[in-house]
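Please study the sequence and the structure shown below. The exercises that follow each state a task and then work through a solution.

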Amino acid sequence: MPSKAKIMVVEDNIDESKLIKMALEPEGYEVVTAMNGKEAKEKMDSEKPNFIVLDVMMPEMDGFHFCSWVRSQPEYQKIPVVLLTGVAEHIYDTKYPLKGVMEADADEYLEKPVKPEVLLKTISKLIKK
Amino acid sequence: MSTSVKKNCWQQLQCNHGPKSENPCPAVVDETSNGVNGGKNAGRICWSIPNTPCFDEIMGRFDEKREICFACDFFQLVKREEGEDFHLFKLAQGVKGSHKLHDTISQMEHLFSIHERLHSHFDLNTTIREITTAARRITGAQRSIVFLLKGDPPRLYGEFRLRGKVHRVSIGVDNNSAVGYAAANNEVVNLRDLSGEFMSVNQPVFNRSFDKQINCETHSFLAVPVQSSGEMVIGVITAANAKKGYFTADDEWFMRTYATEVALAVEKQKFLHQSFSALRLASIGETVAGLAHCIKNIAHALRGSSYIIKRAIEANNVRDIRAAWEILDRHIESLASLSLDVLTYDPAAHKGEKGTSLNDLVSHVVHLFQEEARARAISLSMELGDKVDPCSFNARNIYRCLVNLITNAFDACPLSEGLVAVSTKRTGARELMIRVSDNGRGMSDKGKAELFELFKTTKTGIGTGLGLPTVADIVKEHNGRIEIDSKLGEGTSFRIYFQEL
């Protein structure tokens with residue numbers, strides 16, 4: 001793995017996206033952002049990221065669907081994915097049953113509010129693998 | 001017609017099982033049927049008696065032998081002789097009016113329909129009105145009132161309609177009136193002739209003050225206690241007759257049945273009240289869960305920006321400090337406005353309060369749901385009608401309706417590209433409308449029909465099945481109505497119309 005990994009941050013909240021970017025760049029990562037799963041999907045070919053930080057609840061295409069798509073693509077399926085979410089349990093019951101989390105097959109699953117230190121540690125651990 | 005010319009079955013059919021035989025027929029000895037169709041014991045209603053040894057064969061029950069009975073010459077003879085007064089069953093014995101076969105059957109059907117309708121109502125007054133109407137019809141009474149025990153010390157409260165006006169009556173639980181007596185002693189009171197001819201010394205006093213109030217003279221009166229499942233008296237159902245005649249044992253039987261229905265309705269009402277408070281708790285739970293989600297998102301941003309600021313200070317990076325500080329500020333602001341929202345729109349804080357601006361209420365609720373809409377990738381839009389305000393409505397109730405409808409719309413929405421639109425409109429001088437529509441899964445006609453059924457839910461795990469019945473109840477309270485347009489796979493639109501207070 002090259003030292004300067006390219007991380008794609010898929011997050012619809014601009015503030016959060018900006019904060020993650022500000023936390024990652026000083027660590028030497030290159031960061032590209034996308035507002036939702038659909039935009040991320042379109043950017044995959046041109047950007048070719050080697051890591052994905054993914055929010056779950058987004059318009060157009062949500063995190064679970066995007067993650068499943070990534071896993072179904074031969075050229076992308078080995079890219080590590082970290083899912084971030086602040087979803088309350090009651091929403092899981094209806095629209096995102098736990099099954100959705102399992103099927104999405106992310107490498108890590110972090111619940112908001114995520115400590116930036118934890119996110120950084122998770123990323124470096126997964127990149128070293 | 002004297003009874004001497006009316007023949008009993010054993011006389012007409014020259015039966016070997018008559019009164020003088022060693023082994024008399026069950027119809028011969030059934031004293032409870034004495035007098036029906038003018039016969040001795042069940043002599044002229046033998047078809048209703050099981051196991052009669054007719055035609056040298058032991059017959060079964062009525063439903064087993066009726067074909068033979070209907071073809072029997074004796075049955076036809078009795079039917080001809082009695083004409084309009086013919087009784088097919090002893091159940092109908094003595095019940096006033098003409099009781100032909102179809103009357104009896106229609107009455108039984110009516111009893112069942114009352115019982116069934118009880119399951120579809122949750123408004124106690126409507127149910128009681130239906131029961132008293134049915135009781136009047138079946139006993140031939142002019143008035144029927146249900147009194148329920150309330151207060152401390154308990155008194156009996158009842159209401160009735162007279163020429164379109166509702167009158168309320170309250171009676172003490174004591175021996176000073178027939179109604180009070182029935183409740184105090186848990187006894188059926190059947191006053192057969194109040195004109196005095198056959199007044200018994202021991203019978204409870206009939207209080208005439210009520211008669212004066214409605215300008216009528218009661219001739220006969222029936223009061224049956226209403227008992228809860230624990231056999232406690234919770235009220236009294238009465239029937240009063242101004243015409244000659246009296247209430248028979250069969251009338252008493254019917255009234256006892258109605259008393260049971262009243263008791264069921266009261267208990268159901270109690271149960272619903274408990275369920276509604278459970279629902280309120282559940283909706284608070286949902287709000288809290290929604291809030292937790294909002295707060296988590298804010299905390300996430302606060303944590304992120306404080307990390308950036310800390311690190312940027314160490315690195316002396318003013319640009320990052322500024323950027324993160326801005327984000328921090330914005331989220332502190334949203335935290336503050338979030339707590340304001342919750343304080344302003346706690347439904348409990350609005351108990352019974354009259355609202356004057358429907359558009360304000362709707363925009364507050366929509367605002368409150370905006371964050372969850374974002375999290376669930378739903379676009380929540382709002383269109384406020386002009387001329388809606390000022391108006392007058394029960395703020396707490398309409399708030400509950402709206403929260404219910406929006407929650408349902410959210411839950412129906414597809415995984416992505418969900419659309420929920422809320423709008424208000426004035427539809428009459430005193431009438432307002434709120435519409436909540438979604439582009440969700442929609443409903444079949446069957447689904448629509450079951451919509452307002454209690455405890456029916458399609459939301460496994462989170463639905464109580466009380467949401468829409470609550471909405472229906474509230475709308476009814478506002479003399480309103482609900483209209484639904486729904487197409488399977490295309491979405492649903494709920495319109496609630498209600499009258500201003």
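**Exercise 1: The surroundings of T52(B)**

T52(B) lies in the loop between α2 (26–29) and α3 (62–71) of chain B, where helices (H or I, at least four residues) and strands (E, at least two) are DSSP runs numbered from the N terminus. This is a predicted model in which local features need pLDDT of at least 70, side-chain atom pairs count only at pLDDT 80 or more, and totals for chains, interfaces and linings use all residues. Side-chain values use heavy atoms, without hydrogens and water; residues are numbered from 1 along each chain as its sequence is written, and chains are lettered from A and ligands numbered from 1 in the order in which they are written.

Task: determine whether T52(B) is buried or exposed, and list its contacts.

Solution.
1. T52(B) has a relative accessible area of 1%. Buried means under 20%, exposed over 50%, and partly exposed in between (1.4 Å probe, protein chains only), so T52(B) is buried.
2. Beyond its neighbours within four places in sequence, T52(B) has contacts (heavy atoms within 4.5 Å) that include C25(B), P26(B), C46(B) and K65(B).

**Exercise 2: The strands around β10(B)**

Task: state how β10(B) pairs with β8(B) and with β11(B).

Solution.
1. Two strands pair if DSSP finds at least two bridges between them.
2. Strands β8 (residues 378–383) and β10 (residues 418–426) of chain B run parallel, joined by six bridges; M382(B) stands opposite V422(B).
3. Seven bridges link β10(B) to β11 (residues 431–438) of chain B in the antiparallel sense, and V420(B) has D438(B) as its bridge partner.
4. Four residues separate β10(B) and β11(B), which form a hairpin.
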